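Work through the exercises below with the sequence and the model open. Each task is followed by a solution in steps.

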Amino acid sequence: MTSIKQPGEKNLMLFSGRAHPELADEVAEHVGVSLTPTKLIDFANGEIYARYLESVRGCDAFVIQSHTGPINKWIMEQLIMVDALKRASAKRITVVMPFFGYARQDKKGRGREPITARLMADLFKTAGADRLMSIDLHTSQIQGFFDGPVDHLFAMPVLESYLKNKLDLENTTVVSPDTGRVRLSERWADTLGTPLAFIHKRRDLDVANSVKVSEVVGKVRGRTCVLIDDMIDTAGTICKAADALYEQGATNVIVAATHAVFSDPAVDRLKNSRISEVIVTNTLPLPESARFDKLTVLSIAPLIARAITEVFQDGSVTSLFEGDT
């Protein structure tokens, strides 16, 4: 079954690009549909061609694509898929991007810089998207870049459920690796009932992915510290934060993050660090070469599937997070 029909001919159809087919298959299984057959090929010069092998007229379309490497190719493929749906008379098009590419470029830090996250939102709107759905945006303000509904999902319930069974919460501190993640870490600390700490860091604006840790603020000595972040890219921030926590007397450091970007040399840094466990979700594909003994990968597919179902049935996505959006 490749679609679900509601009274009044309401029709859900699910589409996937080629970036992360495993996640799309899992989401489809939880929704209860099959992925709509789609022809996606690359021409010799690198151009992408897309064609749907079933009629999509009047459907409620959900297009899933993870913005992984090569990131520009997969973003372009999703844009082309959205354009094809619009021209084939889909009734409503929801772009599902578990990881929002270019989300870190959400403001101008200095003169003559782009705001590429806004450009991304404009591109999808121009292509024909009516709605966006993403998980743990780098900053919540990105929701305002898109002229239409944006469903901002949170991986926190998935990660917290796993951690609650592992931690002695009376001896645990939730730690933000920088001041930008303090609000997220506060939600974690409130839910788990633990103290909150944060790390003040300085970033070299002239060197990409370069971080200098300054000081730890909060109660960490003799405690298990859970470092919270939205993504791990080169792992420089997380590894330096873990070292700073150990220097301040932490007995154990666990990392929980939503998006495992894992650009080189992230895997080597994490494997050789003093971090005891790295917990991530499968919003991005992880090849075997990027997996290591300390890594735990949790599935985000049930959450995405529930959100898709709520949108299709005109329900409440907010209810998935008990009003905490």
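**Exercise 1.** How far is the sulfur of Cys225 from the closest cysteine sulfur, and which residue holds that sulfur?

Solution. The coordinates are a predicted model, in which local features need pLDDT of at least 70 and side-chain atom pairs count only at pLDDT 80 or more, while totals for chains, interfaces and linings use all residues. Residues are numbered from 1 along each chain as its sequence is written, and side-chain values use heavy atoms, with hydrogens and water left out.

Step 1. The closest cysteine sulfur to that of Cys225 belongs to Cys239 and is 15 Å away, too far for a bond.
Step 2. A disulfide is a pair of cysteine sulfur atoms within 2.5 Å. The structure holds zero disulfides.
Step 3. Burial is judged by relative accessible area: under 20% is buried, over 50% exposed, and in between partly exposed (1.4 Å probe, protein chains only). Cys225 is buried at 0%, and Cys239 is buried at 10%.

**Exercise 2.** Locate the largest nonpolar core and state which domains give residues to it.

Solution.
Step 1. A nonpolar core is a set of buried Ala, Val, Leu, Ile, Met, Phe, Trp, Tyr and Cys residues joined through side-chain atoms within 4.5 Å. The largest one has 42 residues, and Val27, Trp188 and Ile308 have the most contacts inside it.
Step 2. Helix α8 (residues 301–312) supplies the largest share, eight residues. Helices (H or I, at least four residues) and strands (E, at least two) are DSSP runs, numbered from the N terminus.
Step 3. Domain 1 (12–153 + 302–317) and domain 2 (157–203 + 210–284) both contribute, so the core lies between them. The domain bounds come from an automatic or database assignment.
Step 4. Contact means heavy atoms within 4.5 Å. Beyond neighbours within four places in sequence, the contacts of Ile308 include Val27, Phe62 and Met133.

**Exercise 3.** Describe the setting of Asp229, then that of Ser185.

Solution.
Step 1. UniProt lists Asp229 under "binding site" in an unreviewed entry, together with residues including Arg203 and Asp233. UniProt positions follow the numbering used here, feature names are shortened, and annotations may be inferred rather than shown by experiment.
Step 2. Asp229 lies in strand β12 (residues 224–232) and is buried, at 8% relative accessible area.
Step 3. Leaving aside neighbours within four places in sequence, Asp229 contacts Pro177, Arg181, Ile238, Ala256, Ala257 and Thr258.
Step 4. Ser185 sits in helix α5 (residues 182–192) and is buried at 0%.
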